[in-house]
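User: I should like to go through this structure term by term, with the criterion behind each description made explicit. Please set each value against its definition.

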Amino acid sequence: MASRRMLLAVLVIVAAAAMPQSSMAANYTVGEGDGWKPDYNYTAWTYGKMFMVGDNLVFNYKQGAHNVMQVGGPDYKACNKSAVAINTFSSGSDVVPLDGQGKRWYICGFADHCNRGQKLVVNVMPASVSPASPPSSSSVSWNVLASYAYQIMVAAVAVTTAMIVTH
Ligand SMILES: [Cu+2]
């Protein structure tokens, strides 16, 4: 009986390890410790990050000194602060859900901040990337492979541990 329980525990661990990482929503703090401000390169900040549907962007700034306007592409490009925003956030600690795939554009509507770089564009990917149809980018498929290798290793360690414990 004890070994059956152990086997069940191992199965649970293996199932947990095999869950795709994309099922966990991530919070991205825009600009990390620097927060949301002018004279910052937010395009560089996005490098190497993969934004997925269900993730959140967190904008931190002094309330009343900045805001976050979600606008369309042309308004982003032109830093059009009088644009009719899709959404405006102004709490100073804004959690902005990425609830749809595709490009999203954000600017600060204060003074010349947008022209001074306080603007962000992110490309939101679908929530789940199916292993049956891996993304075409070789770097992404490599990440997926590395992730599988890690999961197999975790499962192997779990099984070995269970065998030692039950024998
Ligand atoms: Cu600003």
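User: Which strands form the open sheet of 3 strands, and in what order?

Analyst: The order is E1-E3-E6, and the pairing is mixed. At the edges stand strand E1 (27-29) and strand E6 (93-97), each of which pairs on one side only. From one strand to the next the twist averages 25°; such angles run from 0 to 180 degrees between N-to-C directions, with axes fitted as lines to C-alpha atoms. The model is predicted: local features need pLDDT of at least 70 and side-chain atom pairs count only at pLDDT 80 or more, whereas totals for chains, interfaces and linings use all residues. Residues are numbered from 1 along each chain as its sequence is written.

User: What makes E3 and E6 a pair?

Analyst: Two strands pair if DSSP finds at least two bridges between them. Strand E3 (residues 56-60) is joined to E6 by 5 bridges, and the two run antiparallel; the criterion of at least two bridges is therefore met. Within this pair, leucine 57 stands opposite valine 96 in E6.

User: How are the elements themselves defined, and how many helices and strands does the chain have?

Analyst: Helices (H or I, at least four residues) and strands (E, at least two) are DSSP runs, numbered from the N terminus. On that basis the chain has 4 helices and 8 strands. Their succession from the N terminus is α-β-α-β-β-β-α-β-β-β-β-α.

User: Why are E2 and E5 said to stand at the edges of the sheet of 5 strands?

Analyst: This open sheet has the order E2-E8-E7-E4-E5, with mixed pairing. Strand E2 (51-52) and strand E5 (87-89) each have a single partner strand, so one side of each is left without a neighbour in the sheet.

User: What joins E7 to E4 and to E8?

Analyst: Strand E4 (residues 68-71) and strand E7 (residues 102-107) pair in the antiparallel sense over 3 bridges. E7 and strand E8 (residues 119-125) are likewise antiparallel, with 6 bridges. Tryptophan 105 belongs to both descriptions: it is the bridge partner of valine 71 and stands opposite valine 121 in E8. Isoleucine 107 in E7 stands opposite methionine 69.

User: What makes the set that includes Ile107 a nonpolar core?

Analyst: A nonpolar core is a set of buried Ala, Val, Leu, Ile, Met, Phe, Trp, Tyr and Cys residues joined through C-beta atoms within 7 Å. The largest such set has 16 residues, and those with the most contacts inside it are Trp36, Phe59, Val68 and Ile107. Two or more residues come from each of E3, E4, E7 and E8, and E4 gives the most, with 3 residues.

User: Which residues does isoleucine 107 touch?

Analyst: Not counting residues up to four places away in sequence, isoleucine 107 touches Met69, Val71, Tyr76, Cys79, Lys81, Cys114, Gln118 and Lys119. A contact requires C-beta atoms, placed from the backbone, within 7 Å.

User: Why is cysteine 79 called partly exposed, and aspartate 112 exposed?

Analyst: A residue is buried if 20 or more other C-beta atoms lie within 10 Å of its own, exposed if 12 or fewer, and partly exposed in between. Cysteine 79 has 19 such neighbours and therefore counts as partly exposed; it lies in the loop between helix H3 (73-78) and E5. Aspartate 112 has 11 and so counts as exposed; its place is in the loop between E7 and E8. Of the 167 residues of the chain, 16% count as buried.

User: What is noted about phi at glutamate 32, and why is this residue called exposed?

Analyst: Its phi is near 45°, a positive value in a residue other than glycine. Glutamate 32 is found in the loop between E1 and helix H2 (42-46). With 9 C-beta neighbours inside 10 Å, glutamate 32 counts as exposed. Cysteine 79, also not a glycine, has a positive phi of about 50°.

User: Where does pLDDT stay under 50, and what is the mean for the chain?

Analyst: pLDDT is the predictor's confidence in each residue, from 0 to 100. The mean for the chain is 81, and 63% of its residues reach 70 or more. Over residues 133-140 the value stays under 50, and the model has 5 contacts beyond four places in sequence for them.

How values were computed: Contact = placed C-beta atoms within 7 Å.
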